[in-house]
Amino acid sequence: MPSEIDVVVIGAGVAGLAAAARLRQSGLRAWVREASGRIGGRARTDIEPALGGAWFDHGAAWLHVAESNPLVPIAEAAGDVLINSDELRNERTFIGVRLATEAELDDYANAWPRFIAAGDSLLAAGGLDGSLADVAKTLPDDPWALSVEMWEGPVICVSQPDRYSLHDWKRNMLSGSNRMVDGGIGAFIAGRLGVGLDIRLNSKVHGVCWSDAGVTVQTGQGAIEARACIVTVSTGVLASGAIAFDPPLPASVGDCLAGLPMGLAIKVALRASGPDRLDLPDYCSVDRRVETRGEPTTVLQFWPLGRDYVSAWIGADTAWALQEEGDAACVDFVRDHLSSLFGGRATDLFPGTEAVVTQWGRDANFLGSYAYALPGYADARSTLGQPRADGRLVICGEACNEDGLAGTVGGAWHDGRRAASAVAEALRQSPGRRPASRVR
Ligand SMILES: Cc1cc2nc3c(=O)[nH]c(=O)nc-3n(C[C@H](O)[C@H](O)[C@H](O)COP(=O)(O)OP(=O)(O)OC[C@H]3O[C@@H](n4cnc5c(N)ncnc54)[C@H](O)[C@@H]3O)c2cc1C
């Protein structure tokens, strides 16, 4: 449909939806072009037959830092039910094949402030940015330091500790409480955040010609001329070259992309084949003390919201290696881990026939889960997001967030709005031409 168009937004994930909504508020016409057949990007809820028809969040599952998360008030205003998952959460920790004692658990709980204080000391010492692994190295006698490192690195930030920037870790520590959306975050985002926006699905962008006079965006359905373009695809997609930029993006962008690689988390959900609940309460997080840096491991969440499955989270190098081997290897890895904790009871309870294995690393629209900063690259987030060509081209999304929410849906929302504000301001100051009939 020939139409006047101000801004093309590439991607209908949270950042793209936030950007398009903000542009509309500014009185600008935005077209969102989305490669896949759904909106929400890395927030995706599916009803899973393999889990007895339960809804399951393949990507984002929690609204972190609920006190300041911008999506919390939106969900509340829409009447969605938010579940305070911290209040539901139970925890068990294994040391080898036995459960940790109360005294050991107290020591584990205190290991977090010890770890954070040690990280703060390293940062206060100044000098070059180090890695997360440097923190545990200053705590050689702490029996729990490597377990905290495992949570902060491979689990939460989906990165190996020795390749994760200490500054970036500190800046994006997610302190505060967590909420789940009843029905799934992906369903909430798809159902609430796209309303009234001009979104075209199955419309992959493969090229962007850009200058300070405007942009031409190449899609499978033809070229779109517009005054500006906001690019929200992951750093993995950008680095893959799937979108050809003409002229090529400056070398500084390539440097940022190299410094903000995608980490990977694979979720493996296995449905119990019988009534045994392994003596664990509902919504029970289970981990095992890490004895050696880098040992392949997974953390488990049993019986979420009282359901009959366990969800395992595998992060960083272990996840990339298992992804190469395929879904069956992921399931076997989790079953072996379960058996090592619970013996034959778990082997029988989880035959592995009913399983969900997420696919973020393989999906060409994402190529990983979310970006982390290599040591020395914490500032690459802001550099990557700088407006280019007089504000006619802005890259944004979770990887560019600077508000302490990088890697999250809240961060993606903030950054989509930031990009849209930058474009709106640039177009206000220098309106340029407004293409009349913009689909060729
Ligand atoms: C396993 C996992 C667990 C997570 N857990 C949490 C959590 O609990 N809480 C939390 O806050 N965050 C979590 N996250 C992170 C969160 O999901 C992301 O940070 C956020 O959704 C990213 O949004 P975005 O808009 O920046 O990018 P995306 O969601 O990636 O949006 C970009 C969009 O661009 C599309 N696209 C790609 N290429 C093209 C192209 N060539 N043309 C057109 N469109 C294209 C993609 O299909 C996608 O829809 C998790 C992510 C994963 C994968």
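Student: How far is an oxygen atom of the ligand from a polar backbone atom of alanine 61?
Tutor: First, note that this is a predicted model, in which local features need pLDDT of at least 70, side-chain atom pairs count only at pLDDT 80 or more, and totals for chains, interfaces and linings use all residues. Residues are numbered from 1 along each chain as its sequence is written, and side-chain values use heavy atoms, leaving out hydrogens and water. A polar contact is a pair of N or O atoms within 3.5 Å; within protein, one must be able to donate a hydrogen and the other to accept it, and residues adjacent in sequence count only if both atoms are side-chain atoms. For the ligand oxygen and the polar backbone atom of alanine 61, the distance is 3.0 Å.

Student: How much of the area that the ligand exposes when taken alone does the protein bury?
Tutor: Backbone atoms face ligand nitrogens too: a polar one of tryptophan 62 is 2.7 Å from a ligand nitrogen, and a polar one of valine 205 is 2.9 Å from a ligand nitrogen. Taken alone, the ligand exposes 1,000 Å², and the share buried by the protein is 99%. That area comes from the Shrake-Rupley method with a 1.4 Å probe (for residues, only the protein chains shown count as cover). The figure you asked for is therefore, by that method, the one already given: 99%.

Student: Which elements give two or more residues to the shell around the ligand?
Tutor: Elements here are DSSP runs numbered from the N terminus, with helices (H or I) of at least four residues and strands (E) of at least two. Those that give two or more residues to the ligand shell are α1 (14-25) and α15 (409-429).

Student: Among the residues around the ligand, which come nearest?
Tutor: A residue is near the ligand if one of its heavy atoms lies within 4 Å of it. The shell divides into 18 nonpolar, 13 polar and five charged residues, where Ala, Val, Leu, Ile, Met, Phe, Trp, Tyr, Cys and Pro count as nonpolar, Asp, Glu, Lys and Arg as charged, and the others, Gly among them, as polar. Of the 36 residues around the ligand, the nearest are Ala15, Glu34, Arg42, Trp62 and Val409.

Student: Where does the ligand lie with respect to the domains?
Tutor: The domain bounds come from an automatic or database domain assignment. Both domains give residues to the shell, so the ligand lies between domain 1 (7-40 + 193-259 + 375-429) and domain 2 (45-180 + 265-357).

Student: How many residues apart in sequence are the parts that tyrosine 108 and tryptophan 144 tie together?
Tutor: The whole structure holds ten aromatic pairs. Tyrosine 108 and tryptophan 144 form a stacked one, 4.3 Å centre to centre with 15° between the planes. Tyrosine 108 sits in helix α4 (residues 102-124) and tryptophan 144 in the loop between α5 (133-137) and α6 (145-155), so the tied parts are apart in sequence by 36 residues.

Student: In which helix is phenylalanine 342, the partner of phenylalanine 302?
Tutor: Phenylalanine 302 and phenylalanine 342 pair edge-to-face, 5.6 Å centre to centre with 75° between the planes. The pair links distant parts of the chain, 40 residues apart, with phenylalanine 302 in strand β18 (residues 299-302) and phenylalanine 342 in helix α12 (residues 327-342). Rings of Phe, Tyr and Trp (its six-membered ring) pair if their centres lie within 6.5 Å, with planes under 30 degrees apart counted as stacked, over 60 as edge-to-face and the rest as tilted. The helix is α12.

Student: Is aspartate 379 buried, partly exposed or exposed?
Tutor: Aspartate 379 is in the loop between β21 (370-371) and α14 (380-384), and its side chain makes a polar contact of 3.2 Å with that of arginine 171. Buried means under 20% relative accessible area, exposed over 50%, and partly exposed in between (1.4 Å probe, protein chains only). At 48% relative accessibility, aspartate 379 counts as partly exposed.

Student: What is phi of valine 158 near?
Tutor: Most residues other than glycine have a negative phi. Valine 158 is found in the loop between α6 and α7 (166-171), and it counts as buried at 0% relative accessibility. Its phi is positive, near 45°.

Student: Which proline follows a cis peptide bond from aspartate 246?
Tutor: Most peptide bonds are trans. This one is cis, with omega near 0°, and its proline lies in the loop between β14 (244-246) and α10 (251-259). The residue is proline 247.
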